Amino acid sequence: MTIGDNPSKPLDISKIRAKLDGSKGPQYWKSLEEVAGSEEVQAFLEDEFPNRAPDWLDPVSRRTAFKVMAASLALAGVSACTKQPKELIVPYVRQPEDFLPGKPLFYATAMPMFGGAIGLLAESHLGRPTKIEGNPDHPGSLGATDHFAQASVLDLWDPDRSQTVTRYGDISNWVNFVAALSSARDVLALKNGEGLRILTETVNSPTVADLFKTIKENLPAVKWHVWEPAARNTVTRGAQLAFGRAVEPVYHFENADVIVSLDSDFFSHGPGHVRYARDWADQRRIRTNITHSPQPKQDRQEGYQAGPAAPLRNQAATHSEEDKSPSPHPAQVQAEGKPLSEADQNRMYVFENAPSITGGLADHRFIVKASQVGQIAQSLAAALGVAGVQAAQTGTPADAAIAMVAKDLQAHKGRCLVIAGDFQPPEVHALAHTMNQALGNAGKTVAYIESLDANPVDQVESLKELVGDMNGGKVDTLLILGGNPVYTVPADLDFAGAMKKVKLRMHLGAYDDETSLLCHWHVPEAHYLETWNDARGYDGTVTIMQPLIDPLYDGKTVAEVLTIVAGKPDQSAHELVKGYWQGRHNDDADFTPFWQTSLHDGIVKGTASTPVDLSAKAPGSIPPPVQGFEVVFRPDSSVWDGRFANNGWLQEMPKTITTLTWDNTVWVSPRTAEKLGVGNEDVVEIKASGRSVKGAIWVVPGHADESATIQLGYGRSRGGRLASGIGYNANAIRTSNALWVIGADLRKTGDSWRLASVQHTQTMEEREPIRIATLAEYKKNPMFVNESEPVVPQYLTLYPDYKYEGYKWGMSIDLDTCTGCGTCVIACQAENNIAVVGKIEVRKGRHMHWIRVDRYFHGNLDDPELYFQPVPCMMCENAPCELVCPVAATVHSGEGLNQMVYNRCVGTRYCSNNCPYKVRRFNFLLYSDWYTQSLYGVRNPDVTVRSRGVMEKCSYCVQRINSAKIEAEREERRVRDGEITPACAQACPTQAIVFGDINDPKSRVAQLKAQPRKYGLLQELSTRPRTSYLGRLTNPNSEIEKG
Amino acid sequence: MKIEEQEHVLPPPVDPGPDKVIGPGHDFVTVTEEISNVVLQPLKKTPKEWFGAFVVAFVVMQLLFISATWLFYKGVGVWGIMIPVAWGFAIVNFVWWIGIGHAGTLISAILLLLKQDWRTSINRFSEAMTLFAVACAGMFPVLHTGRPWLAYWLLPYPSSMWLWPQPRSPLIWDVFAVSTYATVSLLFWYVGLVPDLATMRDKAKTQWQKVIFGMLCLGWRGSARHWSRYQMAYLLLGGLATPLVVSVHTVVSFDFAISIVPGWHTTIFPPYFVAGAIYSGFAMVLSLAIPARKWFNLEDLITKRHLECCAKLMLGTGLIVAYGYSMEAFISWYSGDIYERFMYWNRITGPYGVCYALLITCNIALPQLLWIRKLRLNVKFLFFMSLVVNCGMWLERFVIVIVSLHRDFLPSSWGIYIPTKWDWATLAGTVGFFLTMMLLFMRTLPAISIFEVREVLHHLEKEESPGLEVVS
């Protein structure tokens, strides 16, 4: 029986469906086969898949091909799914025809953050986004990301996300919402939209900006307010103060030899911070052409020389890793490295009140109160000869250094940079602009582009206006699109109280939070990975963001709501974004290639903003410093302003400076703590402008005295199982006229609050896990890293060495460029399905991170140096863990990997005891979430999810190694350098972590291991670690006494 | 005149003093009667102290079952272990219990080969003590693994994957050592029991006693041939068990000595551990013997001589342990290695310094009082001392395991181990289990070796009046 007798008749799927419906089992398959074999289907397929041409020639394969295609076609036809609108997304690397289960696809998108956006590649396994990588083509990423981007994929799968539209708390739907909004809008439209207010966060999406323009045209009286608790408001206002227009500075660290940071933590946040870290690091990296060949010193008495002193053997006495592999060809290394005498790196001065990761890498760090940075700026500007500025004394050691800093800057005119912090007042920014101008940096190390913000108003004023109008009864309908103002608005404005006076309140947000509780309507906001949008990067480059998956729930975007307000029909995000770009595109004919290329690349070519030439004016006056005790507000490094409060990965991420998780604290200096009579975990009450809040103290060496730093983003009451009840709410004492620093009183309460820290000992305790030298010392003594802990010579062991002849995997971590940002920790967690254990378990010492960033304070407790050290598995050639496992659950591969075999582990934990680096993590309880369904999606299918009772540790991302090896084997070649990048190395903004094949003399890692600065952690234990470090160098100004 | 018809009056259970191993007025029959009465007397006649102790021990033992059940259900995280201290109470208890067992084997085997008469009253129950201590110890390797249902992978069985345990790991050596120890101890104890079980069968008062003892004694007739073979077997087993006294705890000490952790990685551990084991073992022997002899009126069979010998051995091994401690301290300084030096300094001055101070007090300072003879012969003091030493030896393992682990090479991974209630409950539970088993043993099996005491009696009488022949 055939479906149709006439081959030229078009194929009727419904008939096929009808035929197959109702048949079961063997009858079903028989019918299917008949269907597949029918001539009609075959003809249809011939038309549909003409590119199967090569198969036509071979009759057998032709038939097979038909059968397969027909079967799948028929099956597609009989599945009872609703017809989805066609929205074509374009993958970055491979076209859909190559779709293979088990092989991930990558799609370019971007994550809006910090008022800009960072270009990303999202990895999709079988249609599920599981991992975020940087987009190598995006100028703001260059392949790297920050930890917020890494963790954002978990937010997509968050089980606590809003899932439906709600009205008065009851389930409703989008259609009803549209109806309500439309009717409200129509009523207000009679008065040109008066009474309708829209509150958004910082918008930089061209599509959304265009929609607002339309709204303004149609409803001129509608007001657009902007408020974001940690937006770069002061940057914009500073530019307006200095230049008279809202511009965004774009920095070029690759051209800067001397950098002065005025409380600017530019490694941590800001739209370009990932790029800036990379550019800075590129000017920091030292590669010399001396190879690493540590000799056992003749005069040492440590007993490492058995018997008579061994003759100096150039090759044999080297570290075992070099032994069996040919040392890098000198020509190769010379091409990469410079002679030692020419080694040079940039120099950074940081003025800040609390230690930051930028301060950690400073060559000179000056501790001043946050409110005194303005005076520092004044003094520096005066020293640089900026007109109309007087020097001001802070009374700290920083004052004495200003002259020398200015001298250093002037010696590098046009190749230096003064950068003001995002949370310093606009006057400081203006001063920074004048200084850069005086130093001739404009156009070289700093350029000015049009503000990324589509509506660069003073956000505080905008907010105040809204609150004032709400209180005055002028607001009929309030649309809150994104953000959580009830939680984030400073306490003096009482947003919740004002909002209650509004007749109709509608909220678009990702979570059912403090704001949606007080709104009539709540619409779930779609996550950026599941919808269409567009955004600008730090230099203005636009990325058209494409989804990787259909919205999991009923999520909508800001644009989809605005289009209703604009009076346009209800359109999907895809239609809106595409429609906008189509409208901008003059020539319809080549829109499709433009669209496809933009989606594929992740950037819209030619949208980087052109810098403008401006001249800066000094501000009239600088806000005076806070007299007495100051409290400084800062967004938290893990949850930012509270938007990530329900993200387990971020909550559990140790904050670099304090190594705390799951809480915010009140940072004070050791002297302040002593004065207050408090220590860690003691609760203090902070009183400022008639309000108070209580928080736990954390003593931070290197913090300014008479100053405390508190973090936003905690103390929330609603928003998911993790968001509420953690930490204290700093917004309770924040005021609209003192957003970032306020005078306050601290008082001990006598209570205590348990905190969960992952590192209990903050100093190196007379050991030297981190080897440090100044650049000058390095030049004199290139082998400084091996002085304290010698390399154990090869000949001391009785065992013959194993010859690693194939691949020899190794890793090099450059401590000189590691900023301690912790992105590697989250990247590893995302890639390897690492569980979140919760505060109680972290407090017990059971956190599960496979790579950790150790942070040591060094030197004077009141003014210490900070050092960071990422510690993954060392993959010891002589692994202490392998020796003691009773069941051979940890073994060594022929390529040098120490392999953890989860299904063999019985959990005796001897391996953890014997690991001197303590990089092994044990599942003491069932930490992996076995039951929450939505979290199944975020897991990487290439990595086992571990159950209770097994040990786990860094595997050098063996799943990536194996997939590259398989690919290379299929192509009958060797794996090339750069094909395998572990998650940590890929995410690192400064590329401090490098992985590769040591047996390949041209690989980056082999060359890095040949550097004289290279050492192994605890190498004198003879573990022979494959993960090696490059010693940290500092570049202090010899004229300033203390570093 | 048949024995069973004779009316034998048992001499009063008075301690004859530190010079004699047996009280006066004993002959073969009285010895047999005194020991077997403990077992064969009707239930109502059991001393009430035994009942009291049994109830307490039984209740405490339930803690073990509850803790183990909760542990299997939730996972090893119910204990206080973490990174870096991944071994906590479980391993401390394991080593402690195994150590305790060593005294039993030393008394049974080594003192047998050395022909020490005074061993005969205490060897049976100290061997039982070994068995139960090893049973307690053996629970911990299973309890403490993350996946205890797979703990059998540590055994060398031909798996379908042909994957054997990894023989370079000291934990596998432990498996062999401890299982050998358990097997040999069980055999030795059981073989030693056989003639006495026959005696029990002969003296049994009820039918079921007769049947059970009859089955257990494997058909012992007490013929000359039986005895001659028996002596050889017993000596051989003694010879087999003797090296175990040294080897088992040496292998257990390898768990630590083989690793690289400062505080563990030291060659003194094998002799130090063995000495410590014997030390704690004798302390436990005293802790058990002193109440038992009182409740069951056995003071004339377990005399002050036995107690004093135990005390002297305790003192002797305690001095070896003290030497071990001082050598550890000296070498850690002498090595010049910063990690070793820090390790010892941290033991004394670090967060667990109190444990170290207690340890020195219990293990070294207080036991020096045993030099004083008067105190050695004071039974109450000896009991107190034995408890002190037991605690001290537990603390020693605590200091070795936990204090060494909590601060090793990299300061960033230093941490603090805090035991949870389940840690304590499991420890208490095993103590309850041990005491329950010991109490049951004492009530159901002859706690003193009847035939060996008879042998000693015979030797003593021969010494006193060489010409006289005792007809029994």
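# A walk through the A–B interface and beyond

Start by selecting Lys918(A) and Asp408(B): their side chains meet in a salt bridge, 3.0 Å from N to O. The term covers a side-chain nitrogen of Lys or Arg within 4 Å of a carboxyl oxygen of Asp or Glu. Across the interface of chain B and chain A, the rule finds one salt bridge.

Before you go on, some housekeeping. This is a predicted model, where local features need pLDDT of at least 70 and side-chain atom pairs count only at pLDDT 80 or more, while totals for chains, interfaces and linings use all residues. Residues are numbered from 1 along each chain as its sequence is written, chains are lettered from A and ligands numbered from 1 in the order in which they are written, and side-chain values use heavy atoms, with hydrogens and water left out.

**Stop 1: the interface**

Select the chain B residues that touch chain A. You should get 54 residues of chain B in contact with 53 of chain A, contact being heavy atoms within 4.5 Å. Together the two chains bury about 4,400 Å², 57% of it on carbon and sulfur atoms; buried area is the accessible area (1.4 Å probe) that two parts lose on being put together, summed over both. On the chain B side, pick out Ile83(B), Leu410(B) and Ser412(B), which lose the most area to chain A and together make up 16% of what that side buries.

Now turn on polar contacts: the interface has 29 residue pairs of this kind, both residues at pLDDT 80 or more. That means N or O atoms within 3.5 Å; within protein, one must be able to donate a hydrogen and the other to accept it, and residues adjacent in sequence count only if both atoms are side-chain atoms.

Which helices of chain B each supply at least two residues to the side that touches chain A? Select H2 (48-74), H5 (170-203), H7 (224-257) and H10 (338-349) of chain B. H2(B) gives the largest share, four residues. Helices here are DSSP runs (H or I, at least four residues), strands likewise (E, at least two), numbered from the N terminus.

**Stop 2: a cis peptide**

Go back to Ile83(B) and step along to Pro84(B): the peptide bond from one to the other is cis, with omega near 15°. Pro84(B) sits in the loop between H2 and H3 of chain B.

**Stop 3: two rings in chain B**

By the ring rule there are 73 aromatic pairs over all chains. Select Phe89(B) and Trp394(B): the ring centres are 5.0 Å apart and the planes at 85°, so this pair is edge-to-face. Phe89(B) is in helix H3 (residues 89-113) and Trp394(B) in helix H13 (residues 379-406), 305 residues apart. For the cut-offs, rings of Phe, Tyr and Trp (its six-membered ring) pair if their centres lie within 6.5 Å; planes under 30 degrees apart count as stacked, over 60 as edge-to-face and the rest as tilted.

**Stop 4: over to chain A**

Try Glu352(A) and Arg365(A), whose side chains form a salt bridge at 2.6 Å, N to O. Glu352(A) is in strand E10 (residues 347-352) and Arg365(A) in strand E11 (residues 364-367), so the pair ties together parts 13 residues apart in sequence.

Next, Phe114(A) has a positive phi of about 60° although it is not a glycine. Look for Phe114(A) in the loop between strands E1 (105-113) and E2 (116-125) of chain A.

**Last stop: confidence**

Colour by pLDDT, the predictor's confidence in each residue, from 0 to 100. Chain A averages 88, with 86% of the residues scoring at least 70. Residues 1-9 of chain A stay under 50. Chain B has a mean of 92, and 97% of its residues reach 70 or more. The model scores ipTM 0.93 and pTM 0.88.
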